[in-house]
Every structure is written in structure tokens, then in C-alpha cells.
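Work through the exercises below with the sequence and the 3D view open. Each task is followed by a solution in steps.

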Amino acid sequence: MKQWLKKWLGRKRLTCEEVNRFLAAYLDGALDARTRAAFEAHLQACADCQAYLDQYRKTIELTRRAAEVPEPPQELIEHTLAFLRERLSQK
């Protein structure tokens, strides 16, 4: 068992650092009831951690959407690379 997890199990409140460590497990629904309750209680009292969680969620959503964007046509890729190579060779 990881040291920080052992440390948490002996207390009732989470620190901001511990909330950060539990983010992925929280969003995956993998926290036990006690840890989830402590996590959510910390979020209600800590605007910084709530903002960080919101940003974390937005990043996950944007990453998922980025995977849905179709690949550009090969001709566009080649044209862009040729343009950039030409520009870089001029410097």
C-alpha cells in the first residue's frame, strides 16, 4: 500500500494534495464510500480543488472530442509541411 494512502486512512479529512491524487479514481467511481465522502466534503470547502476538478473534467472532455476530429487530407499535410520546411530553410 502506498505511503500517502496509509497516511490518509488514519485521518478524517483530506488535504488538497490527497484530493489531487484521488481525482482519477473519483471520476472513475473507484473510491470507497468513506473516501468519496471525504473527497466531496473537501471540494465543498475548497474552491481551488473544485476549480481544479472542473478543469480536469473539461480537459478529459476536450481530449475525447479531439479524437472525433477527422484526419486532414494527406495533400493538406504535405503542403503544410513543405511550406514550413521552406520557411525554416530561409532563416
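**Exercise 1. Place a histidine and list its surroundings.**

In which helix is His42 found?

Solution. His42 is found in helix 3. Helices (H or I, at least four residues) and strands (E, at least two) are DSSP runs, numbered from the N terminus. The model is a predicted one, in which local features need pLDDT of at least 70 and side-chain atom pairs count only at pLDDT 80 or more, while totals for chains, interfaces and linings use all residues. Residues are numbered from 1 along each chain as its sequence is written, and side-chain values use heavy atoms, with hydrogens and water left out.

Next, take accessibility. His42 has 12% relative accessibility and therefore counts as buried; buried means under 20% relative accessible area, exposed over 50%, and partly exposed in between (1.4 Å probe, protein chains only).

Last, list the contacts (heavy atoms within 4.5 Å). Not counting residues up to four places away in sequence, His42 touches Leu14, Thr15, Cys16, Val19 and Cys49.

**Exercise 2. Describe the overall fold and the confidence of the model.**

How many helices and strands are there in the protein?

Solution. Count the elements: there are 5 helices and 0 strands. Along the sequence the pattern reads α-α-α-α-α.

Then check confidence through pLDDT, the predictor's confidence in each residue, from 0 to 100. The protein has a mean pLDDT of 89, and 88% of its residues reach 70 or more. Among the elements, helix 1 (residues 3-9) has the lowest mean, 63, and helix 5 the highest, 96.

Finish with the totals. Of the 91 residues in the protein, 18% are buried. Among contacts with a separation of 6 or more, 47% are between residues 24 or more positions apart. The exposed area is about 7500 Å², with carbon and sulfur atoms supplying 55% of it; accessible areas come from the Shrake-Rupley method with a 1.4 Å probe, and for residues only the protein chains shown count as cover.

**Exercise 3. Find the largest nonpolar core and follow one of its residues.**

Which residues make up the largest nonpolar core?

Solution. Start from the definition: a nonpolar core is a set of buried Ala, Val, Leu, Ile, Met, Phe, Trp, Tyr and Cys residues joined through side-chain atoms within 4.5 Å. The largest one has 12 residues: Leu14, Val19, Phe22, Leu23, Tyr26, Leu31, Ala38, Phe39, Leu43, Cys46, Cys49 and Leu53. Helix 2, helix 3 (33-45) and helix 4 each supply at least two residues of this core. Helix 2 gives the most, with 4 residues. In soluble globular proteins, nonpolar side chains tend to be buried together.

Now follow Val19, which lies in helix 2. Val19 is buried, at 2% relative accessibility. Outside the four places on either side in sequence, Val19 touches Leu14, Phe39, His42, Leu43 and Cys49.

Compare Tyr52, which lies in helix 4. Tyr52 is partly exposed, with a relative accessible area of 43%. Val19 and Tyr52 are 33 residues apart in sequence and 9.9 Å apart in space, C-alpha to C-alpha. Leaving aside neighbours within four places in sequence, Tyr52 is in contact with Asn20 and Leu23.

**Exercise 4. Locate the salt bridges.**

How many salt bridges does a search of the whole structure find?

Solution. The search finds 2 salt bridges, each being a side-chain nitrogen of Lys or Arg within 4 Å of a carboxyl oxygen of Asp or Glu. Side chains of opposite charge can pair when their charged atoms come close.

Take the pair of Glu17 and Arg21, whose closest N and O atoms are 2.7 Å apart. These two are 4 residues apart in helix 2 (residues 16-27), so about one helical turn separates them. Glu17 is exposed at 53% relative accessibility, whereas Arg21 is partly exposed at 37%.

Then take Arg65 and Glu61, with closest N and O atoms 3.3 Å apart. Here too the residues are 4 apart, in helix 4 (residues 47-68), so they are separated by about one helical turn. Arg65 is partly exposed, with a relative accessible area of 47%, and Glu61 is partly exposed at 36%.
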